[in-house]
Amino acid sequence: MKLFIEVELGPDEISLATELFRTMRVLTEHVKTRDVGKLFQALISRLEDASQLDRVATEIATLLTENLSSETILDEFQAAFVAVVFSHDLVLRQQSVVPFMFLLPRLPEPAKSRMRDFLIPKVLKHLTLKRPVEASRMDFFAHAEAFAALVSLEFVSISGAVTTIITLLRKPDTRCAAITMLGKTVELCVQQLNDKCDANTMAELNAVLHNVTEDAFQYDINYIEDSMNWSRPMLAGVVPKPEQPTPATMSLQGDSGKGSVLDASPASSGLHAADSYRGHQNPIFAMSYDDKRNQLISGAKDGTLIVWTADGKVSETVDMASHYACSMDINSSHQMLLVCGVAKEDSSGQGGNRLLPPPCIQRYGAAGHGWKEQGMLSKDSSKLVACIKAMGGMEHAFVTGETVHTSAPEGSGPWLDERVCYYDINAASSFANLQPVRQYAEHEDLITCVSLFPPNHNIFMSGSRDFTVRVWDRRRERCVGMFGTVAKNGRLQAHDAMITCLDAIDTNFILSAGMDTRVLRWDFRTLANQGGSAPVASLQLDDSAVLKVALGGRPNCAAVSTLRGLYLADFSNPRPTARLAEPFKDNRRIGRYHDLKWANGRNLLYAAGDDMRIDVYTLR
């Protein structure tokens, strides 16, 4: 006798069963036609979307398990994995290899062990090739990231990884790869380094890192030491910590050949710590100040925007539902707040298992004492909207720096373009339908900052990870000029590393800052389109990267934030001077401020960053 049981399936179960049946049929057909390598590549490529991990891991495990009798199945999987994960195209599109590496622990045995034993020597062989110090990191960045991922997954012991990095750091011809390996290992495995690596090995690593002095690695070293809470021994020309006894002044030499003087002594004039505002529960990346209503607005990584009163009270909290602010700006004339939104992960930490929304630009308008959302522009074709600036005066427009998905030159796959985009809000029926009036695609790497040029409302500027500062005129279709000089590589560049910030107040007072530890002053009247223009002044504050500059406080002055301090810089003379900000009474560390904002007319500076507080400084 046969017993039949009738089961009623809901829509989700039917969809899942259909998908499973389709997958099994595709797997079977590919195996029959022996096109397994192409199938592996197609499946692995889907891991670019982290939410596909569970499904892809199941399909690959099924394919491997059912064909273990084949002598070539594991070889074909290895070849497919390498072809996808270490492809040059992936590096060009700035796609991390980490989501692909998460597949490895999900593989069935013996595939998992075989992949571990195959990948470790392959990755190390590529990373230990001899290269010059100034070698392009695109050649090995994916391998360095894969190495760090293998450590994170505990396929490579943390002590063994550190010992390998120490060996490579000691040799100039493997130092470039070693620094990159260490940076990625710190990024992915900082907890393992602190908890599982023995103290003697870490001390040796710290000592070896102190002997790395090449300028090309300065940003990497700053990041590594800051993440590990290591301090570097004092070097000639480096700003001492406030608590150390020092001479009243020390001379520093800028790259432009014009010296600068830093005053590190306690002072009655300068920036003085006054207060701290607490309200955010995550690092703060962006702030804006509303001159009309004397309000500060700040945005943190948890997606909250806080509106602060003049005396530091929380006036309003606005929740960005699915994004957080990475940049913001206010047009006070129109009482319009513009915010660049980056998709935020679930608080549960499961953000990688879902498809994140695209970046956005959100518009808020003044409502009573707070702000009300007036529209969201979803940037479906963009990977990132990194920075934004509202056009001044009565202009109803803004400019952004965006990373945009495009087609490859010959239609070979996805591509990324870096674009400066100019938007006219009046050119669309609604904010959600807004399109750029002009798009400029001449930067070769991430656009990190944009700035207005107050003397002319048609002109704005942008800085980039390609080391250049470009000038744009919204009436023209191409870049109208560049600041900088011709470097050894034959390229015109403003800095020797990524540009982090731009600010301008007058024709002859334009500042740029970079990861090369310098703040440079430019004069618009020397602007050149081809031959370049040298900075009129250069200021180097300490041996760490400059994160932010903000002109204001008093004429010819700017607040400057580095990884290790906050300063008031004075550019009144050909030789700029700078004074270290007075510390807070609890002597807590000052530095790593992601944003600085002056309260115009009030001699107040707001500084915010990783410690979730907004520090307030008075200018005396």
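**Close-up 1: S332, a buried loop residue.** In this predicted model, S332 has a relative accessible area of 17%, so it falls under the 20% mark and counts as buried. To find S332, look at the loop that links strand 8 (323-331) with strand 9 (336-343). Skip the neighbours within four places in sequence, and S332 is still in contact with three residues: D290, D291 and K292.

**Close-up 2: the open sheet of strands 4-5-6-7.** Here 4 strands line up in the order 4-5-6-7 as an open sheet, with antiparallel pairing. Strand 4 (284-290) sits at one edge and strand 7 (314-319) at the other; each has a single partner strand, so one side of each has no neighbour in the sheet. On average, and ignoring direction, neighbouring strands here are turned by 20 degrees against each other. As a reminder, strands of a sheet pair through backbone hydrogen bonds, and the pairing can be parallel or antiparallel.

**Close-up 3: strand 4 against strand 5.** Zooming in on this pair, strand 4 and strand 5 (residues 295-300) run antiparallel and are joined by 6 bridges. One to pick out is I284, whose bridge partner in strand 5 is A300.

**Close-up 4: the stretch marked as a WD repeat.** UniProt, in an unreviewed entry, puts the feature "repeat: WD" at residues 277-308 and also at 440-482. This view takes residues 277-308, where the chain is 62% strand and 0% helix. The C-alpha atoms at the two ends of residues 277-308 are 9 Å apart.

Methods:
Residues numbered from 1 in each chain as written. Predicted model: local features only at pLDDT ≥ 70, side-chain atom pairs only at ≥ 80, totals over all residues. Heavy atoms only, no water. UniProt positions renumbered as here; feature names shortened; annotations may be inferred. Buried < 20%, exposed > 50% of the residue type's maximum accessible area, 1.4 Å probe, protein only. Contact = heavy atoms within 4.5 Å. Pairing = 2+ DSSP bridges. Axes fitted to C-alpha atoms, helices over the stretch in contact; angles between N-to-C directions.
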